[in-house]
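User: I have a model open and want to go through it piece by piece. Can you take my questions as they come?

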Amino acid sequence: VMEDLIFGPLNLGFSPEVAKLKAEETMSALGISGFGDRISWKMSGGEKKLAAIASILVMRPRILLLDEPLNELDGKAAKRIRDTVANLECAQIIISHDADFLKDIGATIVELKDGILVRE
């Protein structure tokens with residue numbers, strides 16, 4: 001997982017030391033500090049999703065696009081994602097069928113039906 005997390009910052013020009021520090025900070029913020037030495041394909045679906053989101057957040061994006069970020073997560077992992085997303089300072093576009101999640105994070109909800117805006 002650490003290799004996955006440092007990949008983005010390294011490609012953004014950060015040194016290996018800074019990339020690893022950013023990865024460790026991101027894992028800590030998501031509550032997955034122990035994931036660094038884990039092998040991705042041996043992790044549960046929820047753990048993989050947390051690691052994948054961490055691999056994006058480590059690059060400190062200005063805009064974040066998430067499609068069903070809570071899908072298939074247990075309550076604890078979903079709470080980590082909710083808390084993280086709610087406290088991000090970047091613009092976010094989140095596609096979700098979980099209206100409670102969207103309300104919890106204070107999202108403006110836009111509903112599309114057959115490609116047409118039906119409710120805002």
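Analyst: What follows is a run through the chain, its helices, its strands and some single residues. This is a predicted model, so local features need pLDDT of at least 70 and side-chain atom pairs count only at pLDDT 80 or more, while totals for chains, interfaces and linings use all residues. Residues are numbered from 1 along each chain as its sequence is written, and side-chain values use heavy atoms, with hydrogens and water left out.

User: How many helices and strands are there in the chain?
Analyst: The chain has five helices and four strands. Helices (H or I, at least four residues) and strands (E, at least two) are DSSP runs, numbered from the N terminus.

User: And which pattern do they follow along the sequence?
Analyst: The pattern is α-α-α-β-α-β-α-β-β.

User: What box do the C-alpha atoms fill?
Analyst: Roughly 50 × 30 × 25 Å, taken along the principal axes.

User: What share of the chain is buried?
Analyst: Buried residues make up 34% of the 120 residues. Buried means under 20% relative accessible area, exposed over 50%, and partly exposed in between, with a 1.4 Å probe and protein chains only.

User: Helix 1 next. Which of its residues are buried?
Analyst: In helix 1, residues 2-11, the buried ones are Met 2, Leu 5, Ile 6, Gly 8 and Pro 9. They lie on the same side of the helix, because they cover an arc of only 150° around the axis. That arc is taken from the directions from the helix axis to the C-beta atoms.

User: Why would such spacing put residues on one side?
Analyst: An α-helix has 3.6 residues a turn, so residues three or four places apart point the same way.

User: Which exposed residues are on the face turned away?
Analyst: Glu 3, Phe 7 and Asn 11.

User: What covers the buried residues of helix 1?
Analyst: The cover includes helix 2 (16-30) and helix 3 (45-57).

User: Stay with Pro 9. Which residues does it touch?
Analyst: Leaving out residues up to four places away in sequence, Pro 9 touches Phe 14, Ala 19, Lys 22, Val 58 and Met 59. Contact means heavy atoms within 4.5 Å. Pro 9 has 1% relative accessibility, so it counts as buried.

User: What follows helix 1?
Analyst: Gly 13 comes after helix 1, with a positive phi near 100°.

User: Where else is phi positive, outside glycine?
Analyst: Arg 60 is one of the places, with phi of about 50° although it is not a glycine. Arg 60 sits in the loop between helix 3 and strand 1 (63-67), and it is partly exposed, with a relative accessible area of 42%. Asp 114 also has a positive phi, near 55°, and is a residue other than glycine.

User: Where does Asp 114 lie?
Analyst: In the loop between strand 3 and strand 4. These two strands form a hairpin with two residues between them. Asp 114 is exposed, its relative accessible area being 74%.

User: How many bridges join strand 3 and strand 4, and how do the two run?
Analyst: Three bridges join strand 3 (residues 111-113) to strand 4 (residues 116-119), and the two run antiparallel. Two strands pair if DSSP finds at least two bridges between them. Lys 113 stands opposite Ile 116. Lys 113 counts as exposed, at 54% relative accessibility.

User: Now strand 1. Which side chains point to which face?
Analyst: Leu 64 and Leu 66 point to one face and are buried, while Ile 63, Leu 65 and Asp 67 point to the other and are not. In a regular strand the side chains alternate between the two faces of the sheet.

User: How does strand 1 run against strand 2?
Analyst: The two strands are parallel, and five bridges join strand 1 to strand 2 (residues 91-95). Leu 64 has Gln 92 as its bridge partner in strand 2.

User: One more residue: where is Arg 82, and what does it touch?
Analyst: Arg 82 is in helix 4 (residues 75-86). Not counting residues up to four places away in sequence, Arg 82 touches Leu 70, Asp 98, Asp 100, Phe 101, Asp 104 and Ile 105. The C-alpha atoms of Arg 82 and Leu 70 are 8.2 Å apart, with the two residues 12 apart along the chain. Arg 82 is partly exposed, with a relative accessible area of 22%.
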